[in-house]
Amino acid sequence: MTEIKTYPPSADFVKNAHIDATKYNEMYAASINDPDGFWAKQAERLTWAKTPTKIKNVSFAHPDVSIKWFEDGELNVSANCIDRHLDTRADQTAIIWESDDPGISKHITYLELSEQVNKLANVLKNDLGISKGDRVVLYMPMIPEAAYAMLACARIGAIHSIVFAGFSPEALAARVDGCAAALVITADEAPRGGRNTPLKANVDKALAICGDTQVLVVERTGADVNMQDGRDHAYHTLMAHASTDCPAEPMNAEDALFILYTSGSTGAPKGVLHTSGGYLLWAAMTHEYVFDYHDGDVYWCTADVGWVTGHSYIVYGPLANGATTLMFEGVPTYPDVGRFWAVCEKHKVNQFYTAPTAIRALMAHGPEPVEKYDLSALKVLGTVGEPINPEAWNWYNDVVGKGTCPIVDTWWQTETGGHMMTPLPGAHATKPGAAMKPFFGVLPVVLEPTSGEEIHGNPAEGVLCMKDSWPGQMRTVYGDHDRFVKTYFSDYKGYYFAGDGCRRDEDGDYWITGRVDDVINVSGHRMGTAEVESALVAHPKVSEAAVVGFPHDIKGQGIYCYVTLMEGEEYTDELKTELRNWVRKEIGPIASPDAIQWAPGLPKTRSGKIMRRILRKIAENDYGALGDTSTLADPSVVDDLIANRVQK
Ligand code: 6R9
């Protein structure tokens with residue numbers, strides 16, 4: 001075996017870090033040995049209207065899964081992210097907004113944030129009749145108003161559900177419908193990479209599908225948009241008259257904060273539900289310790305608020321900590337491939353957090369676009385969303401971090417609310433590609449996939465599960481608790497099953513090996529193969545479709561579709577283009593197929609189950625490893641598929 005190089009933090013870094021190796025070990029042991037004591041103490045980092053006395057009340061026992069943290073505590077998330085900072089930080093920048101246009105940015109202080117959020121909370125309550133428990137869908141560009149809207153919902157106890165602005169009207173309609181939203185907040189258009197997405201027009205199309213709700217429209221580009229009388233309201237008009245004082249609604253720790261839809265291996269996307277107290281504590285604590293955030297630092301997470309990373313690490317975690325958080329509207333390649341580094345230099349970014357797919361895309365352009373800029377403010381680099389390959393890790397470390405910035409490879413999920421497995425930058429010697437260690441309170445186990453037995457000792461390889469709860473854990477699937485239990489607690493009873501495989505090495509460090517289910521990860525975006533399949537079969541000419549992931553240099557995984565047409569339909573290149581556009585329309589551009597292969601026959605078992613294992617191997621160009629095909633109803637279809645494989 002080749003020796004794995006490790007990268008310890010410098011002595012200077014360790015000296016200033018919140019958590020060094022000794023402290024990590026002490027705190028980790030305390031978090032596991034005395035969770036109630038540990039979390040009661042940690043809960044003091046939030047401001048409670050009523051301090052919780054009941055700390056943890058959890059059962060992972062199938063089928064009666066129930067998860068409660070701080071259940072008799074009361075707090076308001078927006079008061080924690082804003083009000084409590086006003087005495088000391090009113091003039092400190094809360095949000096640095098960097099527009100898609102490199103010439104435009106602005107700084108929003110905590111006082112300004114407070115005024116905007118209070119006003120909007122009043123608009124929601126008084127003009128639009130939104131009250132505690134109502135659902136509000138956000139379909140927005142990366143503009144400060146997106147953060148205002150999240151916090152305004154939190155302030156009055158409304159539950160937000162953000163739909164990524166890259167999703168199609170069809171996908172938006174399903175999500176508006178899924179939570180019976182009382183309001184959609186959007187903008188006229190979303191500029192990204194020099195192009196404008198017509199958000200309001202998409203909302204109009206979505207509401208034509210799912211039925212009307214009220215709409216609040218932020219003016220971003222000033223484009224002329226349709227405004228339906230009585231249904232659509234102009235943000236700036238209503239805000240102009242709103243008061244800057246809206247008392248924060250006291251919320252129980254277990255009251256819902258937000259819903260966020262995410263893809264699973266089966267069925268339609270699930271509405272992951274997070275609650276107020278545990279989630280905020282988890283987001284705040286991980287933000288401080290994992291990025292080693294110190295007062296006065298400028299922190300930048302390049303995600304979109306449409307994903308969980310944007311929720312926890314652009315808005316809630318940083319603002320709960322009184323941090324300065326950068327919000328970027330654009331893309332890494334506009335106006336050129338040096339944009340990330342130009343922004344780092346311009347705003348003197350100290351912690352930078354992005355996805356491996358972005359690193360790989362930028363790495364392809366060599367070191368020059370990075371070296372043009374002064375990145376000396378950088379202290380910590382982070383990655384999230386998918387496994388990072390060692391080449392990309394090394395490039396990030398050498399070219400971006402100049403070998404002086406610890407890299408935190410953070411493994412977590414929409415479901416986990418925040419970081420779960422990650423090195424802490426002052427505590428651990430990192431290894432390229434390893435998620436390393438559990439965060440405080442996290443109890444990972446490696447299970448043998450078929451028996452479900454825990455594998456003790458090192459090294460170990462199997463599926464990754466959690467043996468106990470942590471405060472940031474999702475509480476349920478919105479409106480479908482049975483689905484929650486079935487998805488996460490049924491395959492391995494008594495454990496939370498994450499859906500990922502992992503390896504624990506000789507030193508006890510964890511490496512995430514990728515999904516073990518039918519979820520694929522395209523440019524860090526999670527997608528169920530079943531979703532793409534159902535979009536394809538919704539086309540009138542398609543009779544059957546099977547979708548698998550295959551290795552892709554930049555995206556991590558690409559989307560490979562096998563398609564069978566209806567009797568009598570012609571297999572043409574034009575139809576392939578049509579199907580590609582169809583999927584983009586049904587789901588959004590992120591689901592655009594990378595390869596479509598005509599498959600007049602699909603490999604099926606005698607009981608009619610599609611053998612995806614075989615389709616995966618063909619897409620991966622790995623025919624030697626097809627395994628046993630004798631159980632197929634018609635083994636000859638495999639040869640046909642190999643002969644007609646689409647070259648990638
Ligand atoms: C935060 C986020 C979750 C899935 C997860 C896993 C993959 C995320 C990773 C990683 C390896 C990392 N994933 N971070 N795999 N190393 N550091 O991405 O949430 O969109 O719900 O995706 O992403 O497969 O199960 P989400």
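This is a working chat about a predicted model, its ligand site, one sheet and some backbone details.

User: What kind of model is this, and how are residues numbered?
Analyst: This is a predicted model, in which local features need pLDDT of at least 70, side-chain atom pairs count only at pLDDT 80 or more, and totals for chains, interfaces and linings use all residues. Residues are numbered from 1 along each chain as its sequence is written, and side-chain values use heavy atoms, with hydrogens and water left out.

User: OK, which residues come nearest to the ligand?
Analyst: Of the 17 residues around the ligand, Asp-409, Thr-414, Asp-500, Arg-515 and Arg-526 come nearest, where a residue is near if one of its heavy atoms lies within 4 Å. The shell divides into six nonpolar, six polar and five charged residues, with Asp, Glu, Lys and Arg counted as charged, Ala, Val, Leu, Ile, Met, Phe, Trp, Tyr, Cys and Pro as nonpolar, and the others, Gly among them, as polar.

User: Which polar backbone atom is 2.8 Å from a ligand nitrogen?
Analyst: That atom belongs to Thr-410, while a polar backbone atom of Gly-385 is 3.0 Å from a nitrogen atom of the ligand. Taken alone the ligand exposes 530 Å², of which the protein buries 95%, with areas from the Shrake-Rupley method and a 1.4 Å probe.

User: Which helix and strands each supply at least two shell residues?
Analyst: Those are helix 12 (308–320), strand 20 (407–410) and strand 25 (510–515), helices (H or I, at least four residues) and strands (E, at least two) being DSSP runs numbered from the N terminus.

User: What sheet is strand 25 in?
Analyst: Strand 25 belongs to an open sheet of four strands with the order 21-22-24-25 and antiparallel pairing, where two strands pair if DSSP finds at least two bridges between them. Strand 21 (444–447) and strand 25 are the edge strands, each pairing on one side only. Strand 24 (residues 496–504) and strand 25 pair over five bridges, and Gly-501 has Gly-514 in strand 25 as its bridge partner.

User: Switching topic, where is Met-436, and is it buried or exposed?
Analyst: Met-436 is in the loop between strand 20 and strand 21, and is buried, with a relative accessible area of 2%, buried meaning under 20%, exposed over 50% and partly exposed in between. Met-436 has a positive phi of about 65° although it is not a glycine.

User: Which peptide bond to Pro-335 is cis?
Analyst: The bond from Tyr-334 to Pro-335 is cis, with omega near 0°. Most peptide bonds are trans.

Methods. Polar contact = N/O pair within 3.5 Å; in protein donor to acceptor, adjacent residues only side chain to side chain. Buried < 20%, exposed > 50% of the residue type's maximum accessible area, 1.4 Å probe, protein only.
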